[in-house]
Amino acid sequence: MIEDINPEGWQETRGIYSPAKKIDLGNSYLIFVSGQQVGKNENDEAVTDDVEEQTEFVFQALEETLKAAGASMNDVVKAQIFLTDMSDLPKVSAIRDRWFAKSKPVSTLVEVNGMTRKGAKIEIEVTAVIEK
């Protein structure tokens, strides 16, 4: 069984995708969370250009989505992080290390050419596992 997870306040106008999928594996659930970016203004642009503020926003959005699935950041087993500028890595890593202090997920981090939201500098997607 696959369940769509829609955190409170999720806007259906974001596109044809789910914020998360929760998959029943029998004794546990596998949760895939879509990539999260910083919030947008009325012009579909990032609400801040500060990478640290964007990173905190992204982790808060991930936490909210995981909570809607019955999970937490401590349940994350894999993280994929996309940056538009690798020189931001030290700032992002400090925030990442705080959010993942307990789960210590396997990770991929790559530099990309751009994001779907103008001005976004970071996107993160995660996978989590929880016991039933």
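Select Lys21 and Asp4, whose side chains meet in a salt bridge with N and O 2.4 Å apart; a salt bridge here is a side-chain nitrogen of Lys or Arg within 4 Å of a carboxyl oxygen of Asp or Glu. The pair links distant parts of the chain, since Lys21 lies in strand E2 (residues 20-24) and Asp4 in strand E1 (residues 2-5), 17 residues apart. Helices (H or I, at least four residues) and strands (E, at least two) are DSSP runs, numbered from the N terminus. Lys21 is partly exposed at 32% relative accessibility, and Asp4 is partly exposed with a relative accessible area of 41%; buried means under 20% relative accessible area, exposed over 50%, and partly exposed in between (1.4 Å probe, protein chains only).

What is on display is a predicted model, in which local features need pLDDT of at least 70 and side-chain atom pairs count only at pLDDT 80 or more, while totals for chains, interfaces and linings use all residues. Residues are numbered from 1 along each chain as its sequence is written, and side-chain values use heavy atoms, with hydrogens and water left out.

The structure holds six salt bridges, and the next one to select is that between Lys132 and Asp24, where the closest N and O atoms are 2.8 Å apart. This pair also links distant parts of the chain, with Lys132 in the segment after E6 and Asp24 in strand E2, 108 residues apart. Lys132 is exposed, with a relative accessible area of 54%, whereas Asp24 is partly exposed at 27%.

Move now to Asp44, which lies in the loop between E3 and H1. The side chain of Asp44 meets that of Lys40 in a salt bridge (3.3 Å, N to O); Asp44 is partly exposed, with a relative accessible area of 43%, and Lys40 is partly exposed as well, at 38%. Check the backbone of Asp44 too, where phi is near 60°, a positive value in a residue other than glycine. Most residues other than glycine have a negative phi. A second place to look is Lys104, in the loop between H2 and E5, which has a positive phi of about 40° although it is not a glycine. Lys104 is exposed, with a relative accessible area of 66%.

From the loops, turn to the interior and select Ile31, Phe59, Leu62, Leu66, Met73, Ile124 and Val126, the residues with the most contacts inside the largest nonpolar core, which has 25 residues. Such a core is a set of buried Ala, Val, Leu, Ile, Met, Phe, Trp, Tyr and Cys residues joined through side-chain atoms within 4.5 Å. Strand E3 (28-36), H1, E4, H2 and E6 are the elements that give two or more residues to this core. Centre the view on Leu62, which, leaving aside its neighbours within four places in sequence, is in contact (heavy atoms within 4.5 Å) with Val33, Ser34, Gln36, Met73, Ile124 and Val126.

The last stop is helix H2 (residues 89-99), whose buried residues are Val92, Ile95, Arg96 and Trp99. These residues cover an arc of only 105° around the axis, which puts them on the same side of H2; the arc is that of the directions from the helix axis to the C-beta atoms. Display their partners to complete the picture: the buried residues of H2 pack against helix H1 (51-68), strand E4 (76-83), strand E5 (106-111) and strand E6 (122-131).
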